[in-house]
Structures are given as structure tokens and as C-alpha cells.
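Let's take a walk through this model together. Keep the sequence and the structure side by side as you read.

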Amino acid sequence: MTDNRSNNSWAGPDESGHSFDNSVTLESLRNALKSFARERDWEQYHTPRNLALALVGEVGELCEIFQWRADAELSPGLPGWSPADKEHLGEELSDVLLYLIRLADRCQIGPLTRLTYFQKCSPPVSRFGESSNVQDPKKRFEISLT
């Protein structure tokens with residue numbers, strides 16, 4: 001895996017050919033969600049607490065999909081999953097993402113703050129090897145701000 005932090009080119013398909021739709025931005029989603037809530041007079045209900053609790057509920061629904069599946073069913077690409085199962089997973093992932101974006105917007109905090117720190121502070125793969133974080137995956141996201 002190449003260390004792309006210096007040129008910030010994390011975009012594009014991965015080795016499996018998978019990529020996200022790059023025509024949709026966080027800002028376009030934020031604006032669409034804001035308009036959606038305003039048109040229905042829901043902003044009064046979109047407090048940070050309410051949105052955080054709704055987000056937790058959606059994460060629970062996402063976890064339910066995986067709860068009783070065998071590890072063999074959960075390899076990358078989810079081989080063996082039906083199109084309906086994958087569609088349901090996509091719906092729950094979307095719900096989580098949309099609530100997260102709405103919560104960040106209502107708190108007036110950008111959701112990519114940690115990514116910026118990760119890009120600046122994470123040691124390059126070439127220094128520690130590709131499997132340096134296998135024993136403790138949390139280490140990848142421990143960032144000292146001092």
C-alpha cells in the first residue's frame with residue numbers, strides 16, 4: 001500500500017476496483033439534509049442530543065445486520081450475500097452517514113477534523129511496515145496534539 005498523505009490522493013478505486021460516488025460531497029449532503037429538515041419544520045427537533053440518540057439507534061440497526069453472521073460470511077465484498085442483503089446494508093450505512101452529517105452540522109463542527117490530524121500525524125507505512133498496527137489497531141488513531 002502506498003503512503004499518499006503527502007499528495008492527498010486517497011481518491012479513486014482501490015485494488016478491488018471499488019470506489020465511492022465522487023459526485024456527492026459532504027457539503028451537498030449537509031445542504032440537502034438542512035433543506036429537508038427546514039421544509040418539514042423539523043429543525044426544532046434536530047438538537048444535538050436528539051440527533052446523537054437517533055444516530056445510536058441507526059448504528060444499532062447496522063450492527064444487527066452483522067450480529068449473527070458467521071465470520072466466513074463477512075470477508076471483503078461480502079461474497080454470498082444476496083443483493084437484497086447488500087441493499088439493506090447500504091440503506092443502514094446511509095442512515096448512519098446522514099445522521100452523522102446532520103449532527104455535525106447542527107453542532108457546527110466539521111466531521112473531518114480527525115482525518116486531518118490522521119493525515120498529518122500518522123507515521124508513514126514505509127517507516128513501520130504495512131502490518132505495524134495489526135497487534136493494536138487502536139494505535140493507528142492515537143494522535144498526540146502536543
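In helix 3 of this predicted model, the buried residues are L89, E92, V96, I101, R102, L103, A104 and D105. What do the buried residues of helix 3 pack against? Their partners are helix 1 and helix 2. As a reminder while you look along the helix, an α-helix has 3.6 residues a turn, so residues three or four places apart point the same way.

The length of helix 3 is also worth a look. With 25 residues at 1.5 Å each, helix 3 should span 36 Å, and this agrees with its end C-alpha atoms, which are 36 Å apart.

Now follow the chain out of helix 3 (83-107) and you arrive at Q108, in the loop that leads to helix 4 (113-121). Q108 has a positive phi of about 55°, although it is not a glycine. Is Q108 buried or exposed? Its relative accessibility is 73%, so Q108 counts as exposed, the cut-off being over 50%.

You can find another positive phi of about 55° at D41, again not a glycine. D41 sits in the loop between helix 1 (26-39) and helix 2 (48-67). Because its relative accessibility is 52%, D41 counts as exposed.

Stay in the loop between helix 1 and helix 2 and you will meet H46. H46 has a relative accessible area of 15%, under the 20% cut-off, and is therefore buried. Leaving aside residues up to four places away in sequence, H46 touches A37, L51, R102 and R106. One of these, R102, is among the buried residues of helix 3, which brings us back to the starting point of our walk.

Definitions and conventions:
Residues numbered from 1 in each chain as written. Predicted model: local features only at pLDDT ≥ 70, side-chain atom pairs only at ≥ 80, totals over all residues. Heavy atoms only, no water. Helix = DSSP H or I, 4+ residues; strand = E, 2+ residues; numbered from the N terminus. Buried < 20%, exposed > 50% of the residue type's maximum accessible area, 1.4 Å probe, protein only. Contact = heavy atoms within 4.5 Å. Expected span 1.5 Å × (residues − 1).
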